[in-house]
Amino acid sequence: MSQQYVIAIDQGTTSSRAIVFDHKGEIVSSGQKEHEQIFPKAGWVEHDPAEIWNNTREVIGSALSKANLTRHDIAAVGITNQRETAVVWDRTTGQAVYNAIVWQDTRTQSIVDELAQDGGVERYKATVGLPLATYFSGTKIKWILDNVEGAREKAEAGDLIFGNTDSWVTWNLTGGTDGGVHITDVTNASRTLFMDLETLSWDESILADFGVPVSMMPEIKSSSEVYGTVHTSQLLRETPVAGILGDQQAATFGQAAFDKGGAKNTYGTGNFMIVNTGEEIVHSKNGLLTTVCYKLGDAKPVYALEGSIAVTGSLIQWLRDNLGMIRSAPEVEQLATTVEDNGGVYIVPAFSGLFAPYWRSDARGAIVGLTRFVNKGHIARAALEATAFQTREVLDAANADSGVDMEDLRVDGGMVANDALMQFQADILGIPVIRPKVTETTALGAAYAAGLAVDFWKDTDELAANWSEDKRWNPTMDAAARDRQLRLWKKAVTKTFDWVDEDVE
């Protein structure tokens, strides 16, 4: 095989990356560039789609040049992305009609309330696996059509199209206005509020309820097939684009959690735990989401339960950017280790309301337990611990839904480099926490999906053989201390409820 590598484009919440992987699933080179976080109003979060696409092109060039590679060395392109972040653009000009509305954005609460008047927030859950919430793409598309001048008329004329950022990158990569492919995969489609989990097709009655023309929607494909080739104007011209997975499903795939019961927890801007439920659609009774885990070509879809936590890594960014407590994210660990414990402080970072397992859009962040004894070390420690506590609540929900207690937890993402956090995570879970050698599992999963489609790898057994353990943290906290910490955490969570009144935007 002349092509020795697969490249993954990881279009994330804070940056876009391109990572080249070899046949062993190891990183050869990478390029990364952050994009601007735009906050026009409280609760509003946006990205510039043009900036994202320009950065994507740049990081592809960077990754190739660092490894001295050309398109001839690349067997396929895989794409993974921040899910639920909605882009609406003009198919004739290629221009977005509005900034991308990010998954964390809460401006669409009034749309949620309006739609929930008939059947409540679980109105569509039996079909799509999701509650009505500001989190998902559907309400964002409706907001753009309702609020951007001329957008609805253009959409109804067939001129506007929608996609999460996977669709936006794929369309541009394959030619944009010159024959760009308008598609998404089942994992991204399952985060819109519009895809029927059984049929894997758009539910036209739900689209009608939202006032979204079906002509806007991308064609739904599997997670692993050749969708098209890179346009001749691009560096990777004529290379097959052959895999798409939403970021959390990609991380699950990269962690080789292919069997029913396999699970992983990704520590990023937010935290996301996914538990593979096999070919069975399991509807959560404990605040988790039902989603598609992946679908390989013509094979049956594999489903999952997911616990989504809105704010974990972004809480550390908030300490850095908003409060100026630290100069760089890694400093938080040093600051946290200057104290023995949290000093009685708990931070509940409900900046965008609370996601799983509460789904409380009326919640807002709180720091509780403050005394004169508390210093910035305690605040730093409480910020880290918030991630672990939120993960424990999601794990409890997953155990309750599955009826089987998880024996260990595979972890990945940026925060797993933090030893203090990972030890506290094991302590508060009461089970071992395991980090793989390759922690860039999101990009790796997208590379795997693309590589399978072009026979770079032959099957999932070959991928599973690539996985290896790097480090394991075993719990050391006694049960009484753990129970006390959890009791206080749950008490702190209740202090965030009912904060948003009707007269607060």
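The following exchange goes through a predicted model and asks what supports each description of it.

User: What makes the chain as compact as a globular protein of its length?

Analyst: The chain holds 16 helices and 23 strands. Its radius of gyration is 22 Å, and the globule rule gives 23 Å for 505 residues, so the two values are close and the chain is as compact as a globular protein of that length. Its C-alpha atoms fill a box of roughly 65 × 55 × 45 Å along the principal axes.

User: How many of the residues are buried, and how much of the contact count comes from residues 24 or more positions apart?

Analyst: Of the 505 residues in the chain, 60% are buried, a word that stands for a relative accessible area under 20%. Among contacts with a separation of 6 or more, 71% are between residues 24 or more positions apart. As for the surface, the chain exposes about 19,500 Å², of which carbon and sulfur atoms supply 46%.

User: How far apart are the mean positions of the positive and negative charges?

Analyst: The chain has 44 positive and 69 negative charges, and their mean positions are 5 Å apart.

User: How do you know which part of helix α2 the buried residues line?

Analyst: In α2, which covers residues 109–116, the buried residues are Ile 111, Val 112, Leu 115 and Ala 116. Looking down the axis of α2, these buried residues fall within an arc of 130 degrees, and therefore they line one face of the helix. They pack against α4 (137–147) and α8 (204–210).

User: Which residues of helix α10 are buried, and what do they pack against?

Analyst: Helix α10, residues 313–321, has Gly 313, Ser 314, Leu 315, Ile 316 and Leu 319 buried. The packing partners of the buried residues of α10 are α11 (331–336), β19 and α12 (376–402).

User: Why is Ala 256 called buried?

Analyst: Its relative accessible area is 15%, and since the cut-off for buried is under 20%, Ala 256 is buried. Ala 256 is found in the loop between α9 (247–254) and β15 (263–267), where, leaving out residues up to four places away in sequence, Ala 256 touches Arg 410, Ala 464 and Trp 467. The C-alpha atoms of Ala 256 and Tyr 448 are separated by 9.8 Å, although these positions lie 192 residues apart along the chain.

User: What makes the phi of Glu 84 worth noting, and is the residue buried or exposed?

Analyst: Most residues other than glycine have a negative phi. Glu 84 is not a glycine, yet has a positive phi of about 70 degrees. It lies in the loop between β5 (74–81) and β6 (86–90). Glu 84 has 1% relative accessibility and therefore counts as buried, the cut-off being under 20%. Leaving aside neighbours within four places in sequence, Glu 84 is in contact with Ile 101, Trp 103, Tyr 135, Phe 136, Ser 137, Lys 140, Asn 164 and Arg 191. Between Glu 84 and Gly 270, which are 186 residues apart in sequence, the C-alpha to C-alpha distance is 13 Å.

User: Why are Trp 359 and Ser 361 called partly exposed?

Analyst: Partly exposed covers what is neither under 20% nor over 50%. Trp 359 has 22% relative accessibility and therefore counts as partly exposed, and Ser 361, with a relative accessible area of 36%, is likewise partly exposed. Trp 359 lies in the loop between β19 and β20, and so does Ser 361. Trp 359, a residue other than glycine, has a positive phi near 55 degrees. Ser 361 touches Gln 109, Gly 353 and Val 500, not counting residues up to four places away in sequence. By contrast, Val 241 is 120 residues from Ser 361 in sequence and 37 Å from it in space, C-alpha to C-alpha.

User: How do you know what form the peptide bond from Ala 356 to Pro 357 takes?

Analyst: Most peptide bonds are trans. The bond from Ala 356 to Pro 357 is cis, with omega near -5 degrees. Pro 357 is found in the loop between β19 (346–348) and β20 (366–368).

Methods:
Residues are numbered from 1 along each chain as its sequence is written. This is a predicted model: local features need pLDDT of at least 70, side-chain atom pairs count only at pLDDT 80 or more; totals for chains, interfaces and linings use all residues. Side-chain values use heavy atoms; hydrogens and water are left out. Helices (H or I, at least four residues) and strands (E, at least two) are DSSP runs, numbered from the N terminus. The radius of gyration is taken over C-alpha atoms; the globule rule is 2.2 Å times the number of residues to the power 0.38. Buried means under 20% relative accessible area, exposed over 50%, partly exposed in between (1.4 Å probe, protein chains only). Contact means heavy atoms within 4.5 Å. Accessible areas come from the Shrake-Rupley method with a 1.4 Å probe; for residues, only the protein chains shown count as cover. Lys and Arg count as positive and Asp and Glu as negative; His and the chain ends are not counted. The place of a charge is taken as NZ of Lys, CZ of Arg, CG of Asp or CD of Glu. The arc is that of the directions from the helix axis to the C-beta atoms.
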